[in-house]
Amino acid sequence: MKTIMKTLAVAGVCGLTMQSCDQGAAKGDLDSVTGTWIVVSVDDNEITNSDEEPIITIDGNGGVQGTLGCNSMHSTVKVDFDGKGTIKFEGIGSTKKLCRNMEVENATLQALEKVRKYTLATKSAEDASGGKDVVLQMKDDKGKILIEAVKLGDNTSVDAMMLLRGEWVIYSVGQDTLVTDVTLPFIVDPASESVNGHTGRNSFGGTMLLKGAHGVSFPVIASTGALGDDEQNERESLLMKALNNTSAWKEDSAGRVHFTDSLGHTLFVIER
């Protein structure tokens with residue numbers, strides 16, 4: 001299980017053992033569920049393959065975006081603590097790619113349609129960190145748990161986000177492609193755990209998820225659709241592929257940040 005999140009204020013409200021936050025989160029409302037959540041079970045069925053775990057991000061304006069494992073999803077959410085912890089997802093939509101295993105995706109979408117209540121709790125992390133996981137339990141109108149999700153983040157993730165935050169430019173894409181003919185901005189926003197930038201012909205944006213001190217991924221990335229010349233098209237294709245395959249980052253002696261794949265190969269590099 002991933003180690004936990006940066007909203008330690010929620011953990012403080014809930015205490016150090018598994019317990020409901022119904023009475024302590026009155027300040028909460030939308031803020032209480034804002035952040036990025038990894039779905040670990042749907043309809044009492046634990047998701048054992050981490051590649052199939054849906055990832056859902058709720059922003060401070062009630063916008064929802066995420067990845068279901070293969071397809072991406074979007075919606076809005078209304079939260080009203082009102083002593084009962086009510087929540088409702090509206091306008092749920094997703095992309096329609098045909099994927100090899102749609103069971104978890106379909107179950108998650110169906111469960112989100114039925115969600116009407118929520119509670120927050122903490123429990124001991126399942127790794128050796130000794131930390132506490134913040135858990136969001138989403139329920140139907142009768143109180144049955146439909147979805148259980150763990151908030152993403154930990155102290156080392158917060159440190160990493162603080163280092164990566166702000167405005168950068170893309171220095172290179174791939175092993176050898178230096179970006180010298182145009183300035184390509186790359187902006188990290190720690191408040192919304194998001195990234196946005198420009199490929200030279202299109203703007204792009206999405207979610208940036210940190211895992212521990214040096215793990216990172218970009219699970220939801222979307223871009224505009226303007227056409228460019230062959231060089232722009234090739235560079236954009238390389239960058240989008242790089243974002244999709246990123247699993248880690250590292251800083252070099254020059255202060256540049258290298259985003260790498262699972263084997264440590266550099267996919268793209270940013271600099272201040």
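## Val 77 and the first core

Leaving aside neighbours within four places in sequence, Val 77 touches Leu 30, Ile 58, Gly 62, Val 64, Ile 87, Lys 88 and Phe 89. That is a handy place to enter this structure, which is a predicted model. Val 77 also belongs to the largest nonpolar core, a group of 28 residues in which Ile 58, Val 77 and Phe 89 have the most contacts.

Which elements build this core? At least two residues each come from E1, E3, E5, E6, H2, strand E7 (117–124), strand E8 (132–139) and E9. The most generous contributor is H2, which gives 4 residues. There is also a second, separate core of 25 residues, and Phe 186, Ala 242, Leu 267 and Ile 270 are among its members.

## Helix H2, one side in and one side out

H2 covers residues 103–114, and its geometry is easy to check. At 1.5 Å a residue, its 12 residues should span 16 Å, and the end C-alpha atoms lie 17 Å apart, so the two values agree.

Which residues of H2 are buried? They are Val 104, Glu 105, Thr 108, Leu 109, Ala 111 and Leu 112. Because these residues cover an arc of only 165° around the axis, they sit on the same side of H2. The face turned away from that buried side carries the exposed residues Glu 103, Gln 110 and Lys 114.

What do the buried residues of H2 pack against? Their partners are five strands: E1 (35–42), E3 (55–58), E5 (72–80), E6 (86–94) and E9 (145–151). These strands appear again in the list of elements that each supply at least two residues to the largest core.

## Three salt bridges

Side chains of opposite charge can pair when their charged atoms come close. A search of the whole structure turns up 3 salt bridges. In one of them, Glu 90 pairs with Lys 78, with 3.8 Å between the closest N and O atoms. This pair links distant parts of the chain, since Glu 90 is in strand E6 and Lys 78 in strand E5, 12 residues apart. Is each partner buried or exposed? Glu 90 is partly exposed, at 27% relative accessible area, and Lys 78 is exposed, at 53%.

Another salt bridge joins Glu 236 and Arg 201, whose closest N and O atoms are 2.9 Å apart. Here too distant parts of the chain are linked: Glu 236 lies in helix H4 (residues 230–245), and Arg 201 lies in the loop between strand E13 (194–198) and strand E14 (203–211), 35 residues apart. Glu 236 counts as buried, because its relative accessibility is 7%, under the 20% cut-off.

## Around the E16–E17 hairpin

The remaining salt bridge is formed by Arg 256 and Glu 271, with the closest N and O atoms 2.8 Å apart. Arg 256 sits in the loop between strand E16 (248–251) and strand E17 (257–260), while Glu 271 is in strand E18 (residues 266–271), 15 residues apart, so this pair also links distant parts of the chain. Arg 256 is partly exposed, at 22% relative accessible area, and so is Glu 271, at 23%.

How do E16 and E17 run relative to each other? They are antiparallel, and 4 bridges join them. Ala 248, for instance, has Thr 260 in E17 as its bridge partner. The hairpin has 5 residues between its strands, and Gly 255 takes a positive phi near 85° there.

Terms used:
Residues are numbered from 1 along each chain as its sequence is written. This is a predicted model: local features need pLDDT of at least 70, side-chain atom pairs count only at pLDDT 80 or more; totals for chains, interfaces and linings use all residues. Side-chain values use heavy atoms; hydrogens and water are left out. The expected span of a helix is 1.5 Å times one less than its number of residues. Buried means under 20% relative accessible area, exposed over 50%, partly exposed in between (1.4 Å probe, protein chains only). The arc is that of the directions from the helix axis to the C-beta atoms. Contact means heavy atoms within 4.5 Å. A salt bridge is a side-chain nitrogen of Lys or Arg within 4 Å of a carboxyl oxygen of Asp or Glu. A nonpolar core is a set of buried Ala, Val, Leu, Ile, Met, Phe, Trp, Tyr and Cys residues joined through side-chain atoms within 4.5 Å. Two strands pair if DSSP finds at least two bridges between them.
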